[in-house]
Amino acid sequence: RSVPELRRSCSMIRENILSACSVVLVAAALVAPATVCAQVEEPEGLTETNERIDELSAQLEQNPGDIELLIDLGNTYYESNMYDLALATYEHAVEIDSTHVGVRLNLGSLLADMGEFDRSIAQLKRAMEMDPDNVMVAATLGSAYYGYRQYNQAVDMYRRALEIDPNNVEAHFNLGVAFADVQMFDEAIVEWEKVIEIDPDSRAA
């Protein structure tokens, strides 16, 4: 393809990448390994969500310092788009255990979804310092940088994610988008071809 054609194609991709990055961010926070971040199944309806919130709140009354319960409650709020409540819950969890990587990962992801990219990056950088080999943290930090339009930093973090996990489809796809935004179109195509090679049935492909 010619460069003008590639620019038009990349422009169309960018129209969708912010929503795609949002999905990746949430997935990165909520589908982390069990040792890093507890996963909560998405409630089927408002009633079930409220019941889950009531259940977790009751458990927290008995165990107010239980970090995993706080993560579960924060995740439930997050999945239900109750961002303010999720934010307060995650921030309280950080106060209880400032060294918990999963809490900072979820908090950073949430802040990015809220458009608070500077605060998101600060949380995720702290998580990266604590666990430099965590692919979820690296990929999520890359997406936060991307949302903040700091494309070179996004490229660096996606590359770091791929150093940790060379077959991470989302990191390859997002790296390609970041390359396109700095007009490195050949490199972008290479990354997108890798997505198809690794997992041709994936959403990114």
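Seven salt bridges are found in this structure, which is a predicted model. Side chains of opposite charge can pair when their charged atoms come close. Three of the pairs are described here, beginning with one inside a helix.

Arg-52 and Glu-55 form a salt bridge through their side chains, with an N to O distance of 3.5 Å. Both residues belong to helix 2 (residues 46-62), where they are three residues apart, about one turn of the helix. Arg-52 is partly exposed, its relative accessible area being 25%, and Glu-55 is also partly exposed, at 39%. A second pair consists of Arg-119 and Glu-91, whose closest N and O atoms are 2.9 Å apart in a salt bridge. This pair links distant parts of the chain, since Arg-119 sits in helix 6 (residues 117-130) and Glu-91 in helix 4 (residues 83-96), 28 residues apart. Arg-119 has a relative accessible area of 35%, so it counts as partly exposed; Glu-91 is partly exposed as well, with 30%.

The third pair is again within one helix. Glu-191 and Lys-194 form a salt bridge in which the closest N and O atoms are 3.9 Å apart, and the cut-off for a salt bridge is within 4 Å. The two residues are three residues apart in helix 10 (residues 185-198), which means that about one helical turn separates them. Glu-191 has a relative accessible area of 7% and is therefore buried, whereas Lys-194, at 33%, is partly exposed. Salt bridges that share partners also create a network, joining Arg-52, Glu-55 and Asp-72.

The helices named so far belong to a chain with ten helices and zero strands. Read from the N terminus, its elements run α-α-α-α-α-α-α-α-α-α. Of the 205 residues in the protein chain, 47% are buried. Among contacts between residues at least 6 apart in sequence, 56% join residues at least 24 apart. The accessible surface of the protein chain is about 10,400 Å², and carbon and sulfur atoms account for 47% of this surface.

Some individual residues show what burial looks like in this chain. Asn-106 lies in helix 5 (residues 101-113). Asn-106 has a relative accessible area of 0%, so it is buried. Its polar side chain has a partner: the side chain of Asn-106 makes a polar contact of 3.4 Å with the side chain of Tyr-90.

Gly-142, in helix 7 (residues 135-147), is buried too, with 0% relative accessibility. What does Gly-142 touch, not counting residues up to four places away in sequence? The residues are Ala-154, Met-157 and Tyr-158. Each of these appears among the buried residues of helix 8, a group made up of Tyr-151, Ala-154, Val-155, Met-157, Tyr-158, Ala-161 and Leu-162. The C-alpha atoms of Gly-142 and Asn-152 are separated by 9.5 Å, the two residues being ten residues apart along the chain.

Helix 8 itself (residues 151-164) can be checked against the expected rise. At 1.5 Å a residue, its 14 residues should span 20 Å, and because its end C-alpha atoms are 20 Å apart, the two values agree. The next helix can be checked in a similar way. Helix 9 (residues 169-181) has 13 residues and reaches 19 Å from its first C-alpha to its last, close to the 18 Å expected at 1.5 Å a residue.

Is helix 9 largely enclosed by the rest of the structure or largely open? Twelve of its 13 residues are buried, so helix 9 is largely enclosed by the rest of the structure. The buried residues of helix 9 are Val-169, Ala-171, His-172, Phe-173, Asn-174, Leu-175, Gly-176, Val-177, Ala-178, Phe-179, Ala-180 and Asp-181.

Both ends of helix 9 have a local feature. At the N-terminal end, Asn-168 acts as a cap, with a side-chain oxygen 3.3 Å from the backbone nitrogen of Glu-170. Just after helix 9, Gln-183 has a positive phi of about 65°.

How values were computed:
Residues are numbered from 1 along each chain as its sequence is written. This is a predicted model: local features need pLDDT of at least 70, side-chain atom pairs count only at pLDDT 80 or more; totals for chains, interfaces and linings use all residues. Side-chain values use heavy atoms; hydrogens and water are left out. Helices (H or I, at least four residues) and strands (E, at least two) are DSSP runs, numbered from the N terminus. The expected span of a helix is 1.5 Å times one less than its number of residues. Buried means under 20% relative accessible area, exposed over 50%, partly exposed in between (1.4 Å probe, protein chains only). A polar contact is a pair of N or O atoms within 3.5 Å; within protein, one must be able to donate a hydrogen and the other to accept it, and residues adjacent in sequence count only if both atoms are side-chain atoms. Contact means heavy atoms within 4.5 Å. Accessible areas come from the Shrake-Rupley method with a 1.4 Å probe; for residues, only the protein chains shown count as cover.
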